[in-house]
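User: I am new to protein structures and would love a close look at one part of this model. Could you walk me through a sheet and what packs on it, and then show me a little of what lies around it?

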Amino acid sequence: MIVAENLVKDFRVHERGPGLLGSLGTLFSREHRLVRAVSGVSFEIPAGTKVAYIGANGAGKSTTVKMLTGIMTPTSGRALVAGLEPYRERRRNAANIGVVFGQRSQLWWDLPVPDSFRILRGIHDIPDAVYRRNMALYRDLLDLDALGNTPVRQLSLGQRMRAEVAASLVHDPKVVFLDEPTVGLDLVLKEAVRELVNRVNAELGTTVLLTSHDMGDIRAICDGVLVVDRGEVVHSGSVHELLRTADTRAVLFEHEGDPAAPTEAIALIEARLDGASATVVDGGRIRVEYPTGRWTSRQVMGLLLEHFDVTDCVAPEPDLESVLRRIYTGGRRPAPRPEAVG
Amino acid sequence: MRPVSTTVRYARLTWQLSAVSMHRLTEYRMDFLLGAGGLLLRVVCQVAVIGMVFRQAPEIAGWHYDQVLFLLGFSLLPRGLDRMFTDQLWILARKLVQNGEFFRYLIRPVHPLFSLLSERFLYPDGFGELLTGAGLVWYAADRLALTPDTAQLLLAPVLVLCGTLILASIKTLFASLAFWTTNSFPALYAANQLGDFSGYPLDLYHPSLRWLLTWLLPYAFTAYIPASYLLFGRAPLLPWLFAVTAGLVALALAVWHRGVDRYEMTGS
C-alpha cells in the first residue's frame with residue numbers, strides 16, 4: 001500500500017555571514033549547502049497493517065511523511081501510496097489518504113468544528129450513508145458534539161486534536177498518516193483515539209502509518225515498526241522483534257529474609273552475575289538488570305532461586321523506550337556475543 | 001464531459017463553502033461592522049477630497065466631478081468582488097508558508113489555490129466595498145443622466161469580472177512570492193497600494209506612472225479603461241482587456257504552480 005524506493009530529500013540551506021554585512025550578502029550571492037534529511041529510505045507497508053515509523057528528532061521521519069503525503073517532492077527516489085506517486089498526483093492522492101500533523105491544524109480556523117466537517121463532506125464527495133456512519137462513530141467515541149459551536153481557533157489543543165483525528169478519517173481513506181495524533185490529550189481521550197484508529201483499521205482495512213513519541217500509542221496501535229536513524233531504516237519488523245533486540249533485561253523479585261538489609265543480597269547478586277546491577281525499588285523489591293549477551297534469563301533465575309527464598313518474581317518486557325534510546329544513541333553496533341559461563 | 005463536470009463540482013463547492021462562510025457574518029458581526037464602517041469612512045474621505053478639489057476647478061484633465069465619482073465607484077466593484085473571494089492570499093503572503101500551515105491545501109482533493117481561497121470565501125469586508133461602489137456608481141450615473149446603450153449594458157458585468165480577475169491575479173502573483181521568500185507581505189502590500197491610483201483618472205498622472213499602471217501592473221484595466229468606456233463610449237485600450245486578463249491569469253497560475261512545487265514545509 002505504501003512503497004518507498006530510495007527516497008532522498010536534500011534541503012538547501014543558505015549560508016549567511018554574521019552581522020548586517022552577512023545578511024546583505026545573501027541578497028547577492030546564493031551560496032548554499034545541501035543538508036540531506038532523508039538518505040535513501042526504502043520500505044514497503046502492506047495494505048491493512050498498522051506501522052509505527054519511529055526515530056529520534058531529526059531522523060527524517062517528518063520529511064518522509066511529507067513526501068508520502070505529497071506535500072513535498074523528493075530530491076530522488078520514488079514513493080507510491082495506493083498506486084499513486086503522491087507529489088505528482090496530489091489531488092487524486094488526497095482522496096486516498098488522511099493526514100494528522102499534531103502540531104498543525106487542517107481545520108477551518110475561524111469556523112466551528114461542525115462547519116469543517118460539512119466542508120470536508122463536500123470536497124471529498126462523501127456519500128450520505130458513510131458520512132452519517134462516521135459522524136455517529138465520532139460522536140460516540142470522541143464526544144465530538146461537546147465541541148459545540150466554538151470556532152476552532154478558540155478550542156484547547158486536546159479539543160482540537162479530537163476533531164483533527166476525526167477529520168482525517170471522515171472520508172474513509174485507504175491510508176492514514178498520523179503524526180503525534182494524541183498530543184495534548186488526556187488518558188481517556190488518548191484511549192479513545194487509539195480505539196478509533198484500531199476500529200477503522202479492523203472494519204475498513206485502513207492502512208495506518210504512525211509517528212509518535214508516545215510509546216503508549218505505538219504499543220496500543222501498531223503491529224509493525226520501522227525505525228529510522230540518520231535518514232535510513234535501521235530496523236523493520238514487529239514490535240515484538242524490536243523488543244527482543246534489547247541488550248538489557250530485568251527481573252524483579254521479593255524474598256523472605258531481612259528486608260532491612262538488602263545490601264548483602266545486592267552484593268551477592270553483583271558478585272555472582274558479572275555485568276549485572278541490582279537495586280532496591282519501591283515496595284522493597286530488588287530489581288536485577290543484566291546484559292542479555294552475557295546471561296540468559298534461566299541462569300539469572302537459577303541463581304536467584306538457589307540463594308534466596310523467592311516469594312514473588314516478575315520479568316517485565318523490555319522497555320521500548322530504552323530499546324529505542326539505545327538505537328538512537330548507540331548507533332548500529334551489533335550486540336556482544338554470548339560468552340561461556342564462568 | 002469531464003471539464004463540464006469539474007466546473008459543476010467547483011461551482012457547487014463554491015456555493016456550499018460560501019454558505020458555510022455566511023456563519024462568519026453572524027459570528028463576527030462586530031468585525032464585520034468595524035470593517036464595513038472603516039471602509040465607508042475611507043470612501044467618504046476620498047469623496048470629500050474629490051469634492052474639495054473640484055471646488056477649485058470644475059474640470060480636471062477633462063473630467064468632471066460626477067465622472068470622477070463614477071470612476072471611483074466603479075473601481076470599488078472589482079475590488080469588492082476580489083476581496084470577497086481572495087482575501088486568504090494576504091494570509092498566505094504573511095504567514096502560511098512561514099509557519100508551515102500551507103500543507104493543508106495540498107492534502108485536499110481540490111485545486112490547492114481553490115482550497116486556499118475557499119477558507120475566506122465571502123469575506124465580509126468585500127460586501128462593504130461592493131455596496132459602496134454600487135451606490136456611488138448609481139448616484140453618479142443618475143446625476144450624469146447616463147444612458148448606456150445595449151452593448152455597454154451587456155459588457156458592464158464582463159468588465160467588472162475581468163477587473164476582478166486582474167486584481168486576483170496580481171494578488172496571487174505577489175502572494176506566491178512567499179514560496180521563495182517565506183514572507184511576501186511587503187511586496188503584496190506595495191502592489192496593492194499602487195492599485196489605489198486606479199480609482200482616479202489616469203490622465204492626472206505622469207506618463208511613466210500611467211504606463212506602469214497600464215502595462216506592468218495593469219490596474220488601469222480594472223477601473224479607468226472600462227469606466228471611460230461606460231462614461232464616454234470610447235476607450236482605445238479596451239480591446240486589449242481580454243488579452244491582458246488572460247495573460248495575467250496564466251502568469252499568476254504559472255508562478256503559483258512553480259511556488260507550490262518548491263514548497264518545503266518547515267518544522268516537525
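Analyst: Here is a walk through one sheet, followed by a few other places in the two chains.

A word on the model first: it is predicted, so local features need pLDDT of at least 70 and side-chain atom pairs count only at pLDDT 80 or more, while totals for chains, interfaces and linings use all residues. Residues are numbered from 1 along each chain as its sequence is written, and chains are lettered from A and ligands numbered from 1 in the order in which they are written.

Let's begin with the sheet. It is an open sheet in chain A with 4 strands in the order S11-S12-S10-S13, and its pairing is antiparallel. Helices (H or I, at least four residues) and strands (E, at least two) are DSSP runs, numbered from the N terminus. Two strands pair if DSSP finds at least two bridges between them. In general, strands of a sheet pair through backbone hydrogen bonds, either parallel or antiparallel.

The edges of this sheet are strand S11 (277-280) and strand S13 (309-314) of chain A, each of which pairs on one side only. On average, neighbouring strands of the sheet are turned by 30° against each other, with direction ignored. Angles here run from 0 to 180 degrees between N-to-C directions, and axes are lines fitted to C-alpha atoms, for helices over the stretch in contact.

Now look at one pair of strands. Strand S10 (residues 248-256) of chain A is joined to S13(A) by 5 bridges, and the two run antiparallel. Within this pair, Glu256(A) stands opposite Asp309(A) in S13(A).

Next come the helices on the sheet. Helix H10 (residues 262-272) of chain A packs on the sheet, where it touches S11 and strand S12 (286-291) of chain A, and its direction makes about 165° with that of S11(A). Helix H11 (residues 297-307) of chain A lies across S10, S12 and S13 of chain A and runs at about 15° to S10(A). Contact means that the C-beta atoms of two residues, placed from the backbone, lie within 7 Å.

For a contrast in pairing, find strand S6 (residues 175-179) of chain A. It is mostly covered, with 5 of its 5 residues buried. A residue is buried if 20 or more other C-beta atoms lie within 10 Å of its own, exposed if 12 or fewer, and partly exposed in between, with C-beta atoms placed from the backbone. Both faces of S6(A) are covered: Val175(A), Phe177(A) and Asp179(A) are buried on one side, and Val176(A) and Leu178(A) on the other.

S6(A) has these parallel partners. Strand S5 (residues 97-101) of chain A is joined to S6(A) by 5 bridges and runs parallel to it, with Val100(A) opposite Leu178(A). Strand S7 (residues 207-211) of chain A is also joined to S6(A) by 5 bridges, again in parallel, and here Val176(A) stands opposite Val208(A).

Stepping back, chain A has 12 helices and 13 strands. Of its 342 residues, 37% count as buried. Among contacts in chain A between residues at least 6 apart in sequence, 71% join residues at least 24 apart.

Two residues of chain A are worth finding for their backbone angles. Asn6(A), in strand S1 (residues 2-14) of chain A, has a phi near 50°, a positive value in a residue other than glycine. Asp143(A) has a phi near 55°, also positive, and sits in the loop between helix H5 (128-142) and helix H6 (157-169) of chain A. Asn6(A) is partly exposed because 14 other C-beta atoms lie within 10 Å.

Finally, chain A has a neighbour: 22 residues of chain B are in contact with 27 residues of chain A. Helix H1 (residues 2-27) of chain B gives the most to the side of chain B that touches chain A, with 7 residues. That side has 9 nonpolar, 5 polar and 8 charged residues. Here Ala, Val, Leu, Ile, Met, Phe, Trp, Tyr, Cys and Pro count as nonpolar, Asp, Glu, Lys and Arg as charged, and the others, Gly among them, as polar.
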